[in-house]
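Student: I have a new model open on my screen and I'd like to learn how to read it. Can we go through a few features together?

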Amino acid sequence: MEYNFTEIEKKWQKYWATHKTFKAEDSSIKPKYYVLDMFPYPSGAGLHVGHPLGYIASDIMARYKRHKGFNVLHPMGYDSFGLPAEQYAIQTGQHPKITTEQNIARYREQMDKIGFSFDWDREVRTSDPEYYKWTQWIFIQIFNSWYNKNSDKAENISSLINEFEANGNTNVNAVCDDYTKQFTAADWKAFSEKEKSDALMHYRIAYLGEAYVNWCPALGTVLANDEVKDGVSERGGHPVERKLMKQWSMRITAYAQRLLDGLETLDWTESLKESQRYWIGRSEGTSVKFKIHGSLSHPEVNTNLNEIEVFTTRPDTIFGVSFVTLAPEHDLVNKVTTAEQLAVVEEYVYVSKNRSERERQADVTKISGVFTGSYVEHPFTGKQIPIWVGDYVLAGYGTGAVMAVPAHDERDHKFAKHFGLDLPQVITPNKEHDFDKDAWGEKEGTLINSDFLNGLEVKAAIKKAIEEIEKKKIGCKKINFRLRDAVFGRQRYWGEPIPIYYKNDIPYALSDNELPLVLPEVDKYLPTEDGEPPLARAKDWKYRPAEGGEFEYELSTMPGWAGSSWYFLRYMDAHNGSEFASKKLMNYWNNVDLYIGGSEHATGHLLYVRFWTKFLKDLGYINIEEPAQKLINQGMIQGRSSFVYRIKLASIIPLANVEERINYDKQVFISKNIITKIFGDLKLEGVKADNVKRDTLYNLIKENIPDFPDKDAEGPLTALTIQTLNVDVNIVENDILDIEKFRNWREEYKTAEFILDDGKYICGYEVEKMSKSKYNVVSPDDIGEKFGADTLRLYEMFLGPLEQSKPWNTNGITGVSGFLKKLWRLFFLSPAGGGVANATGEDIAINVTDSEPTKGELKTLHKTIKKITEDIERFSFNTSVSNFMICVNELTEAKCNKRAILEPLLICLSPYAPHITEELWSLLGHKESIALAPFPMHNEEYLVDDSFSYPISFNGKMRLNIELPATLSVEEIEKEVMSREEVQKYLEGKTPKKIIIVPKKIVNIVI
RNA sequence: ACCCUCUUAGCCCAAUUCGGCAGAGGCAACGGUUUUAGAAACCGUAGAGUGUGGGUUCGAGUCCCAUAGAGGGUACCA
């Protein structure tokens, strides 16, 4: 019987679906195991071979844990709201719902073909109203909460209102906006409804506030920090500007410390934790207030603000301050600017505010700034210090103002040098240092020129400086985080509507029974003419409460990360209509035991999902502080692009023959090796080639293509150009181009001519990101069709360690496919002579015996069980594939067709290659799926060797082997070894200084 | 600029928490069997002293220091 993977795979995929083999039980006496893949966004391009890498790994784990007796939750669904579908909708007018559904169908079809053991009954889609009803519900909980620093958790807003009513906000210790005004209980009671709402808004964890956002005009929306790469949008690469907008935001900063601390408890890679730590960016420092000298130039704006507060991590350098710099967006800029400086400052502020992020980042080295004309007083010396504006100071970090210490801070130094400002030195470095060239930024050295700090070491000086600053009441110790509040609204159509309506300009949340607030239909997916979000186009979309009235809904929608921040909980109870998930089930499934996904989510999704998890815990909805205990980042699979080389005819046929050249419409491609042989290089663009080389090339072309135009004897030399063109990798095998397929690939190549190398056209290659435009995308469908899903699964694992990035290369796949055939053959050993069955398809029935296995066969099996178990437990899937190969090689060698060996082997292999193992398992007479068969345990007894061949080293150099019984003690080994003649020969009569013996490892004799 | 990861045969990769004979596997190569030929299959052969320089050790691919190269992440964070 032949191994027909197409039939077998179809058969078992159907079996699993109809028998619901992988259904997770809601309650069980078995221990639970929750293995989750990061939520995919169903893109129009479908899956390429890189996507399934993580899914295969998690599937192996899920299947393995089922064998090990766990109740496994292994779900899949779609993060189906998002920009690409909406961009497509804008371009084509097609509803994003329709494209999204088509894309999902394609994803599903592709995933099914790989044989994943997902419990599809639990599938969720973020764009499904049944799902986003609960995303909206969670939003409302966050809206109705504040962060109490005393209890260090989120609480319902009602406890804050009670406090306001009793004592105002003076005693409230909460995470709130910086500009929150103080009020008393009496004030509160006197507040209008609107004033109350505004006051509470400073405390709500989901709040409407003014914030600088990444505004992308091309996409017509704001983007999260992690959606901006190099100053342009991650999707589409459109420019992004900074803009002050009224926005829904999430006070994730309230959780900064907990997000940081929680990392310690997680089994994630150090690099991932490190990037989260860096993103959160905790820094301990001091705030210091500098009094503005004289009167404000524009006191009418705000008279009670007469100081500039800065944040510094180096209070010890306070005597080295030679100027203060404000961010261009700082509120005080226009208040401190003098009349003379007004024009230049306004110009500067205008320009830097309107510079896009990209420009700003592009000129990091370009220093710009302008003097305001005003001064602050130094709090200790009373000296006047100029106030500057400079865009190297960020508005959103710290207080948006810095005390510049050019001698001891790199950026301040550059700024001061550029504008010719003083560089007062206050620390004597412990090393040679040129202050004119560089700042001394190390936290090392002795303080000088610093009054009460003189003579102190930096660390002591920092402490002392803080004391003095606090004593003078001009500042205090402060912890700053780089993490910013997360913008939560976007002016787009394809997202969850924010469940808020406005009554007299006051935002109110919908009540639970009014959810979901369903996304309305619109005629176009673009913003309105007056720049309102697309939802403004929805006809008659108004909030009409039972008690009457008609109110406007919030028009922005939620960002992509909303739905994905809690989906792992929904899988636990995917169809619950009355709660986001039942407490009972959430308690049972607890958190994710293994989470697999790409490292691109390090600072986006993985921070948000931790934030929401902590929030839901604070409110008592769940019992876990962290969503996923163990997390693995699978490496990226890169594409291997192939190139062909086309001669630019003009550069080989000189101008004299221009007629003929124009009429010659064939394209000529040269094999890579020939180019390198002649020119020694592949990059030939406008290269002044010497006549000899070009003639060599010309003669070669003429030889191969007789109808090629003649060269004019003395044509003028033009620059030689050979163009490098991407060619579809699917028509290239082992760098050899399939010429026929190439000619058919595109109309223009129909008549292409080739200069071959040894009869073959050799392509060049390069490793790059897999992308459509580079023609290097390999679809899992093609591989599956050619080799089968089991081979695809094994091969993806076989490529290398899961976490490492690697280029896709099909070169080795025949080895894996051959392994499966070899395994198959073990079950069909010819009954006649015990030989191997004819692989060409001779129809022999399965032939497995019940006879006793030999010691050698048992050893092979148990060695394999042991290795595979260890490999899976440490996620080393690539090594287990080779271990299976070794095992099958050994069993083939032994002509083993014994049930006692082959059955346990099948179970071990089934997480990796589920279809072939199901088929063989059923051919062996089993009626139940192999998926639930208990995983075999290895027996150490079979692995013990009677003897061990000891390598004998002299001074660490291995000289000979001596076979000794494995049971010998150290003393016995020494005695035995020293008695050997060969050993004595190497000793040359000397007495060894030392003999190191490690039983069953090595003997080392030191002479 | 900073942080993280990696570097072993022509190529992909092993050598496990805890240093103990550098190789178990696959591709490619070479030789053979089968085949009209090709493909496929099967059997067999050969091939590196671990990027570089130093150190610790009886013993280093493995630990430490320095350095080079590749990949990834972050980026004026006071």
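Student: Which residues is Asn103 in contact with, leaving aside its neighbours within four places in sequence?

Tutor: The general idea is to skip the sequence neighbours and see what else comes within 4.5 Å. This is a predicted model, by the way. Here, Asn103 is in contact with Pro42, Ser43 and Gly44. Asn103 itself is found in helix H4.

Student: Is Asn103 buried or exposed?

Tutor: The cut-off for buried is under 20% relative accessible area. Asn103 has 15% relative accessibility, so it counts as buried.

Student: Let's take a whole helix. How do I check the span of helix H1?

Tutor: Count residues and allow 1.5 Å for each. Helix H1 runs over residues 5-19, and its 15 residues should span 21 Å. The end C-alpha atoms of H1 are 21 Å apart, which agrees. After H1 comes Lys20, with a positive phi near 50 degrees.

Student: Which residues of H1 are buried?

Tutor: Start from the helix geometry. An α-helix has 3.6 residues a turn, so residues three or four places apart point the same way. In H1 the buried residues are Phe5, Ile8, Glu9, Trp12, Gln13 and Trp16. They cover an arc of only 125 degrees around the axis, which puts them on the same side of H1.

Student: And what does the face of H1 turned away from the buried side carry?

Tutor: That face has the exposed residues Glu7, Lys10, Lys14, Ala17 and Thr18. As for the buried residues of H1, their cover includes helices H2 (52-67), H4 (96-114) and H24 (780-787). Helices H25 (789-798), H26 (813-826) and H30 (914-923) are also included.

Student: You mentioned H25. How many of the residues of H25 are buried?

Tutor: For any helix, compare the buried count with the total. In H25, 9 of the 10 residues are buried, so this helix is largely enclosed by the rest of the structure. Among them are Asp790, Arg793 and Glu796, together with Leu792, Leu794 and Met797. Following H25 there is Gly800, whose phi is positive, near 155 degrees.

Student: On to the RNA. How many residues surround RNA strand B?

Tutor: With a nucleic acid, list the neighbours, then ask which part of the strand they meet. RNA strand B is surrounded by 51 residues, and the closest are Thr313, Arg411, Arg482, Ile886 and Asn1004. Of the atoms of RNA strand B that come within 4 Å of the protein, 58% belong to sugar and phosphate.

Student: Which element gives the largest share of the surface near RNA strand B?

Tutor: Helix H28 (residues 877-893), with 6 residues. By kind, the residues of that surface divide into 20 nonpolar, 17 polar and 14 charged.

Student: What about individual polar contacts with the strand?

Tutor: Look at which atoms pair up on each side. An N or O atom in the side chain of Ser283 is 3.0 Å from a phosphate oxygen of RNA strand B. For Thr312, a side-chain N or O atom is 3.3 Å from a sugar or linking oxygen of the strand. With Gly812 a backbone N or O atom takes part, 3.2 Å from a sugar or linking oxygen.

Student: Back inside the protein: where is Arg610 found, and is Arg610 buried or exposed?

Tutor: A charged name doesn't settle that, so check the accessibility. Arg610 is found in helix H19 (residues 605-618), and at 0% relative accessibility it counts as buried. A polar atom of the Arg610 side chain lies 2.6 Å from the backbone oxygen of Leu259. Contacts of Arg610 beyond its sequence neighbours include Arg258, Trp268, Gln276, Glu625 and Glu626.

Student: How far apart are Gly563 and Thr135, in sequence and in space?

Tutor: Put the two separations side by side. Gly563 and Thr135 are 428 residues apart in sequence, and their C-alpha atoms are 6.0 Å apart. Gly563 is found in helix H16 (residues 561-564) and counts as buried, at 0% relative accessibility. Thr135 is one of its contacts, along with Phe39, Thr126, Tyr131 and Glu496.

Student: One last case. How does Glu552 count, buried or partly exposed?

Tutor: Glu552 has 41% relative accessibility, so it counts as partly exposed. Its place is in strand E23 (residues 551-553). Beyond residues up to four places away in sequence, Glu552 touches Ile500, Tyr501, Tyr502 and Lys542.

Technical notes. Residues numbered from 1 in each chain as written. Chains lettered and ligands numbered in written order. Predicted model: local features only at pLDDT ≥ 70, side-chain atom pairs only at ≥ 80, totals over all residues. Heavy atoms only, no water. Helix = DSSP H or I, 4+ residues; strand = E, 2+ residues; numbered from the N terminus. Expected span 1.5 Å × (residues − 1). Buried < 20%, exposed > 50% of the residue type's maximum accessible area, 1.4 Å probe, protein only. Arc of directions from axis to C-beta. Near = heavy atom within 4 Å. Polar contact = N/O pair within 3.5 Å; in protein donor to acceptor, adjacent residues only side chain to side chain. Nonpolar A, V, L, I, M, F, W, Y, C, P; charged D, E, K, R; others polar.
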